Amino acid sequence: MHLVAVAMLGRPVSRVLDNGKTLEVTRVAVDNNMPKVIRMNACSKLYGACCKWAKRNGYDSVITYTLEHEHG
């Protein structure tokens with residue numbers, strides 16, 4: 001088994017959104033040494049897994065931010 005990607009969740013940076021029922025995806029990382037077929041859509045799969053985990057643990061929403069120069 002190989003670690004392909006990882007995500008970190010935390011409390012929202014914005015105090016307005018920090019209501020105890022919202023999580024923020026603060027980081028995602030993918031191992032670029034893995035074959036492309038394994039890496040394909042890895043970030044999207046991470047976001048989906050984060051949302052499922054949050055729902056199972058009583059959170060209402062998951063947010064994240066993308067910089068203007070980043071794809072996505």
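# Exercises on a predicted model

From the N terminus on, the elements of the chain run β-β-α-α-β. The structure is a predicted model.

## Exercise 1: The overall layout

Task: State how many helices and strands the chain has, what its C-alpha trace spans, and what percentage of its residues count as buried.

Solution.
1. Start with the elements. The chain holds two helices and three strands.
2. Turn to the dimensions. Along the principal axes, the C-alpha trace spans about 40 × 30 × 15 Å.
3. Finish with burial. The chain has 72 residues, and 17% of them count as buried.

## Exercise 2: The salt bridge

Task: Find which side chains meet in a salt bridge, and classify each partner as buried, partly exposed or exposed.

Solution.
1. Recall the principle. Side chains of opposite charge can pair when their charged atoms come close.
2. Apply the cut-off: a side-chain nitrogen of Lys or Arg must lie within 4 Å of a carboxyl oxygen of Asp or Glu. The count comes to one salt bridge.
3. Name the pair. Asp18 and Arg11 meet through their side chains, at 2.5 Å from N to O.
4. Classify Asp18. Its relative accessibility is 27%, so Asp18 counts as partly exposed.
5. Classify Arg11. Its relative accessible area is 64%, so Arg11 is exposed.

## Exercise 3: Two residues of strand S2

Task: For Glu24, find the nearest side chain of opposite charge and the backbone atom that its own side chain reaches. For Thr22, decide whether it is buried or exposed, then list the side chains it contacts.

Solution.
1. Place Glu24. This residue is found in strand S2.
2. Look for a charged partner. The nearest side chain of opposite charge is Arg27, 7.3 Å away. The salt-bridge cut-off is 4 Å. Glu24 is buried yet has no salt bridge.
3. Look for a backbone partner. The Glu24 side chain reaches the backbone nitrogen of Val13 at 2.9 Å.
4. Place Thr22. Strand S2 holds this residue too.
5. Judge its burial. Thr22 has 8% relative accessibility, and therefore counts as buried.
6. List its side-chain partners. Thr22 makes a polar contact of 3.1 Å with the side chain of Asn19. Another polar contact, of 3.1 Å, joins Thr22 to the side chain of Ser61.

## Exercise 4: The largest pocket

Task: Give the volume of the largest pocket, then describe its lining by residue, element and class.

Solution.
1. Take the volume. The largest pocket has about 370 Å³.
2. Count the lining. There are 16 lining residues. Nearest the pocket centre lie Val28, Cys43, Tyr47, Tyr65 and Glu70.
3. Assign elements. Strand S2 (22-30) and helix H2 (42-56) each supply at least two lining residues.
4. Sort by class. The lining has seven nonpolar, seven polar and two charged residues.

## Exercise 5: Asn41 and Glu68

Task: Locate Asn41 and Glu68, and say whether each is buried or exposed. Add the phi of Asn41 and the C-alpha separation of Glu68 and Trp53.

Solution.
1. Locate Asn41. This residue sits in the loop between helix H1 (36-39) and H2.
2. Check its backbone. Asn41 is not a glycine, yet has a positive phi of about 60 degrees.
3. Check its exposure. At 52% relative accessibility, Asn41 counts as exposed, because the cut-off is over 50%.
4. Locate Glu68. It lies in the segment after strand S3 (61-63).
5. Check its exposure. Glu68 counts as exposed, with 85% relative accessibility.
6. Read the separation. Glu68 and Trp53 are 15 residues apart along the chain, and their C-alpha atoms are separated by 28 Å.

Methods
Residues numbered from 1 in each chain as written. Predicted model: local features only at pLDDT ≥ 70, side-chain atom pairs only at ≥ 80, totals over all residues. Heavy atoms only, no water. 1 Å grid on protein atoms, 1.4 Å probe; cavity = no way out; pocket = protein on both sides within 12 Å on 5 of 7 lines; lining within 4 Å. Points joined across faces, edges and corners; volume = space filled by probe spheres on them. Helix = DSSP H or I, 4+ residues; strand = E, 2+ residues; numbered from the N terminus. Nonpolar A, V, L, I, M, F, W, Y, C, P; charged D, E, K, R; others polar. Buried < 20%, exposed > 50% of the residue type's maximum accessible area, 1.4 Å probe, protein only. Lys, Arg positive; Asp, Glu negative; His and termini not counted. Polar contact = N/O pair within 3.5 Å; in protein donor to acceptor, adjacent residues only side chain to side chain.
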